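Trainee: I should like to learn how to read a protein model, one feature at a time. May we go through this one together?

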Amino acid sequence: MTVAPTTAALKAQVLAEALPYIRRFHGKTIVVKYGGNAMTEPALQKSFAHDVVLLKLVGMNPVVVHGGGPQINDFLKRLDIQSEFRNGKRVTDAATMEVVEMVLSGLVNKQIVQAINAQGGKAVGISGKDANLMVCTQTDPDLGLVGTPVKMNPDFLRSLAAAEIIPVIAPIGA
């Protein structure tokens, strides 16, 4: 007869398997892209936030970069602003950009920060515009205000890591 491992034994097994990775990535910056279904399901949101806090607790420096396409679509629809996509990218005029920035930097970003803080982390929400974190150039004139990052400010992120802060970044560039 096989006996199922106890909760403590299972935790010990998981930690033993994770230890080489914890050692390898201790002190390293880990960029985590957060989007899709994990952003819309409450249980997945809580699990994501818990995992980000765990990364910080074991000595890594998580940096969360998030999406928010469904939330943007919802607000554009509420405001009766038509949205067009070309090759999977949103065509972004000035009116659409206002909504994108409001939703990503205001609504979505702060929800993620709140979830991480509720799990015991110390997160702060920023956008790529803050401290010129992400400077972009126009990707394609046919896409409007869609940009491609050309310059980053890693010193800003390093200062947050030194203060034990988990940055949550809305992908809006300067």
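Trainee: In what order do the elements of the chain run from the N terminus on?

Mentor: Please note at the outset that this is a predicted model. From the N terminus on, the order is α-β-α-β-α-β-β-α-β-β-β-α-β. The secondary structure comes to five helices and eight strands.

Trainee: What box do the C-alpha atoms fill, and what share of the residues counts as buried?

Mentor: Taken along the principal axes, the box is roughly 65 × 40 × 30 Å. The chain has 174 residues, of which 32% count as buried. One may also look at contacts in the chain with a separation of 6 or more: residues 24 or more positions apart account for 69% of them.

Trainee: How should I read a sheet, and which strand order does the sheet of four strands have here?

Mentor: In general, strands of a sheet pair through backbone hydrogen bonds, either parallel or antiparallel. Here, four strands form an open sheet in the order β1-β2-β8-β5, and the pairing is parallel. The edges are β1 and β5 (123–127); each has a single partner strand, so one side of each is left without a neighbour in the sheet. From one strand to the next, the twist averages 25°.

Trainee: How many bridges join β1 to β2, and how many join β5 to β8?

Mentor: Strand β2 (residues 61–66) is joined to β1 by six bridges, and the two run parallel. Within this pair, I30 stands opposite P62 in β2. At the other edge, β5 and β8 pair over five bridges, also in the parallel sense; there, A123 stands opposite I166 in β8. As for its surroundings, β5 is mostly covered, with four of its five residues buried.

Trainee: Which strands does α2 touch, and which does α5 lie across?

Mentor: Helix α2 packs on the sheet and touches β1, β2 and β8 (166–170). The direction of α2 makes about 150° with that of β2. Helix α5 (residues 154–162) lies across β2, β5 and β8, and runs at about 170° to β5.

Trainee: How does one describe a pair of aromatic rings, and how many such pairs does a search of the whole structure find?

Mentor: A pair of aromatic rings is described by the distance of the centres and the angle of the planes. In this structure the search finds one aromatic pair. The ring centres of Y34 and F48 are 3.7 Å apart and their planes lie at 5°; planes under 30 degrees apart count as stacked, so this pair is stacked. Y34 belongs to strand β1 (residues 29–34) and F48 to helix α2 (residues 42–57), so the pair ties together parts that are 14 residues apart in sequence.

Trainee: Are these two residues buried or exposed?

Mentor: Residues under 20% relative accessible area count as buried. Y34 has 5% relative accessibility and therefore counts as buried. F48, with a relative accessible area of 13%, is buried as well.

Trainee: Which members of the largest nonpolar core touch the most other members?

Mentor: They are F48, V64, I112, I116 and V168, in a core of 25 residues. Several elements supply at least two residues each to this core: β1, α2, α3 (69–78), α4 (94–118) and β8. Helix α4 gives the most, with nine residues. F48 itself touches V32, Y34, V64 and I112, if residues up to four places away in sequence are not counted. There is also a second, separate core of seven residues, including V63, I126, L133 and I165.

Trainee: What lies over the face of F75?

Mentor: That is R78, at 4.4 Å from the ring centre.

Trainee: How should I read the phi angles, and which sign does phi have at D80 and A131?

Mentor: Most residues other than glycine have a negative phi. D80 has a positive phi of about 55° although it is not a glycine, and A131 likewise has a positive phi of about 55°. D80 is placed in the loop between α3 and β3 (84–86), and its relative accessibility of 62% means that D80 counts as exposed. A131 lies in the loop between β5 and β6 (134–138); with a relative accessible area of 42%, A131 is partly exposed.

Definitions and conventions: Residues numbered from 1 in each chain as written. Predicted model: local features only at pLDDT ≥ 70, side-chain atom pairs only at ≥ 80, totals over all residues. Heavy atoms only, no water. Phe/Tyr/Trp six-rings, centres within 6.5 Å; stacked < 30°, edge-to-face > 60°. Buried < 20%, exposed > 50% of the residue type's maximum accessible area, 1.4 Å probe, protein only. Lys NZ or Arg CZ within 6 Å of the ring centre and 35° of its normal. Pairing = 2+ DSSP bridges. Axes fitted to C-alpha atoms, helices over the stretch in contact; angles between N-to-C directions. Contact = heavy atoms within 4.5 Å. Core = buried A, V, L, I, M, F, W, Y, C linked by side-chain atoms within 4.5 Å.
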